[in-house]
Amino acid sequence: MTATVEDYYDGFRTFSWLADFIDVPVDQVNFLLSQITALILAGILRTFLSPVAVTATTRHVFGLIIGLMLGYFCFGRQAIHLAGLPAICYVVMRTQNPHNMQRVVLTAALLYLSCVHFHRQIYNYGSYTLDITGPLMVITQKVTSLAFSIHDGLTRREEELTPTQRHQAVKKIPTMLEYFSYVFHFQALMAGPVIFYRDYIDFIHGRNIGGTKTLTGYDKNSTHYDEIVLEPSPTPVVIKKVIISLLFAALFVTFIPSYSIQKLKEENFLENTTLFYKMWFLLITAMLARFKYYHAWIFADAICNNSGLGFNKYDKNGEAKWDLYSNVDVRGFEMALTLRDSIEHWNKGTNRWLRSIVYERAKYNKLVFTYSLSALWHGFYPGYYITFANGAFFTIVARTARRNIRPYFLGSKKLKFLYDALTFISTRLTMAYLTLSFLILEFMPSVRMYLHLYLFGHVIGLIILIIAPRLPKISHTKVIEVESKSSQELINGTARKSM
């Protein structure tokens with residue numbers, strides 16, 4: 001017997017009436033209400049509890065208490081895990097030698113997270129219900145990144161660190177209030193993004209905003225001016241992000257019943273539909289599944305921005321940018337011409353975390369260790385591991401195709417446009433094809449779906465790997481001339497615009 005939301009979900013049911021009225025599961029209603037509450041409280045934190053109005057301790061306590069309350073509202077008794085994992089890791093940080101403490105913290109956090117993942121898969125297998133593993137995954141990123149930053153700050157010389165590691169290095173172990181405030185601050189508890197400890201502390205103390213300076217308080221009897229700093233207002237950006245987020249949520253809720261992930265497992269769908277329809281259905285289903293993530297991540301970004309987090313200097317037009325912690329670039333992902341570009345624009349916070357604690361530190365097999373940690377962090381559903389294995393395979397295919405086939409399309413602008421159009425379409429198809437197991441989660445249903453698609457993606461990939469390297473090499477002189485000409489035209493066009 002399959003568990004349902006009613007069997008497994010442990011959050012508050014105060015708004016069950018609203019869930020029934022709009023025909024949305026109560027866990028999703030609670031999540032949305034908690035995020036709306038966080039958005040409002042973020043504005044209060046920025047406006048009435050700013051660093052110039054209250055102490056850092058007050059800001060720490062406010063973020064901590066609100067985070068705990070929202071966590072308990074959404075997850076009930078399961079919220080004990082939100083405190084259990086970071087408490088164990090804090091003890092490790094306090095008791096272990098800084099030279100190897102970061103590895104012990106990583107091991108402890110992953111073991112705890114893995115136990116919760118495993119528990120869910122036993123009692124609620126294949127469910128898409130909101131559960132504690134989501135925020136616990138974000139907390140794992142926080143405590144492990146902090147452990148590595150402490151290791152860098154206490155045991156390594158600055159010249160040994162990369163610029164990013166040097167910026168994030170922590171010279172002393174945080175106090176309990178600083179630590180748990182960082183772990184539980186409400187802006188990024190439910191859906192991320194992961195914010196590194198140094199950036200969070202700068203935010204608490206008001207050092208994260210580089211505002212525009214203005215002169216005021218002029219005394220006509222002297223030449224003295226009082227200089228103040230005007231912080232850029234995030235309000236227009238917050239409103240825009242909230243609207244976009246809710247639009248994605250509305251599209252998801254409206255169309256997902258017609259393009260349900262569960263249908264990918266149904267016998268009738270697999271046996272009585274054409275290959276073209278299966279692929280079309282998979283494309284739409286995968287896109288709608290992304291809409292759910294777009295909604296959660298963009299809304300979370302708006303919450304951070306409304307509290308003053310996420311300011312990223314000014315663009316060339318003098319407009320404030322609020323994308324420092326954005327977890328996804330929707331346009332960049334959906335319009336990407338390569339698989340690599342798609343991955344770079346998706347779940348950017350996790351990419352930063354993996355790069356920080358694995359990729360930049362591994363001395364060999366960087367990709368193997370990075371993909372392995374990412375898979376373990378996600379959990380133990382077979383679909384995750386199939387997806388990551390496929391991701392590695394199609395990454396190699398894409399690199400091979402670009403290296404050996406792309407030069408044939410660089411002889412003219414029309415051929416280059418044709419190549420870009422083909423790579424755009426193939427990237428969309430490949431992304432849906434390789435992530436179908438991520439959506440289905442289960443092993444045999446994923447394999448059956450691939451078999452009913454005749455493994456066409458894998459077959460094409462193997463053909464490219466076999467044939468592409470054996471194609472005749474063309475002269476790169478004309479390619480270089482065309483690319484140089486295009487680059488010069490771009491430079492000239494930019495110069496004309498600036499005149």
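In the protein, residues 24 or more positions apart account for 70% of the contacts with a separation of 6 or more. The structure is a predicted model. Its secondary structure consists of 22 helices and two strands. Of the 499 residues in the protein, 47% are buried. The exposed surface amounts to about 25800 Å². Carbon and sulfur atoms supply 65% of that surface.

Two helix pairs were examined. Two packed helices are described by the angle between their axes and the distance between the axes. Helix α11 spans residues 235-255. Helix α13 covers residues 275-307. The axes of α11 and α13 lie 8 Å apart, at an angle of about 155°. Angles over 145 degrees count as roughly antiparallel, so α11 is roughly antiparallel to α13. Their crossing is left-handed. On the α11 side, the contact is formed by V237, V238, K241, V242, I244, S245, L246, F248, A249, L251, F252 and F255. On the α13 side, the residues are L288, F291, K292, Y294, H295, I298, F299, D301, A302, N305 and N306. By class, this contact has 16 nonpolar, four polar and three charged residues. Among the nonpolar residues are F248, F252 and F255 of α11, together with F291 and F299 of α13. The charged residues are K241 of α11 and K292 and D301 of α13.

The second pair is formed by helix α7 (residues 133-155) and helix α16 (residues 348-359). Their axes come within 10 Å and cross at roughly 30°. Angles under 35 degrees count as roughly parallel, and α7 and α16 are therefore roughly parallel to each other. The crossing of α7 past α16 is left-handed. Helix α7 contributes T140, Q141, T144, S145 and F148 to the contact. Helix α16 contributes T350, W353 and I357. By class, the contact of α7 with α16 has three nonpolar, five polar and no charged residues. The nonpolar residues are F148 of α7 and W353 and I357 of α16. The polar residues are T140, Q141, T144 and S145 of α7 and T350 of α16.

Residue T400 belongs to helix α18, which runs over residues 382-404. The relative accessibility of T400 is 6%. Buried means under 20% relative accessible area, so T400 counts as buried. Neighbours within four places in sequence aside, T400 is in contact with I405, I464, L465, A468 and P469.

Several loops carry notable backbone geometry. A cis peptide bond joins G192 and P193, with omega at about 0°. P193 is located in the loop between α9 (176-184) and α10 (197-204).

Two residues that are not glycines have a positive phi. For D23, phi is about 60°. D23 sits in the loop between α2 (16-22) and α3 (26-47). With a relative accessible area of 68%, D23 is exposed. For K313, phi is about 65°. K313 is placed in the loop between α13 (275-307) and α14 (330-334). The relative accessibility of K313 is 62%. Exposed means over 50% relative accessible area, so K313 counts as exposed.

Technical notes. Residues are numbered from 1 along each chain as its sequence is written. This is a predicted model: local features need pLDDT of at least 70, side-chain atom pairs count only at pLDDT 80 or more; totals for chains, interfaces and linings use all residues. Side-chain values use heavy atoms; hydrogens and water are left out. Helices (H or I, at least four residues) and strands (E, at least two) are DSSP runs, numbered from the N terminus. Buried means under 20% relative accessible area, exposed over 50%, partly exposed in between (1.4 Å probe, protein chains only). Contact means heavy atoms within 4.5 Å. Accessible areas come from the Shrake-Rupley method with a 1.4 Å probe; for residues, only the protein chains shown count as cover. Axes are lines fitted to C-alpha atoms, for helices over the stretch in contact, and angles run from 0 to 180 degrees between N-to-C directions. Angles under 35 degrees count as roughly parallel, over 145 as roughly antiparallel, 65 to 115 as roughly perpendicular and the rest as oblique. A crossing is left-handed if the near helix is turned anticlockwise from the far one by less than a right angle, and right-handed if clockwise.
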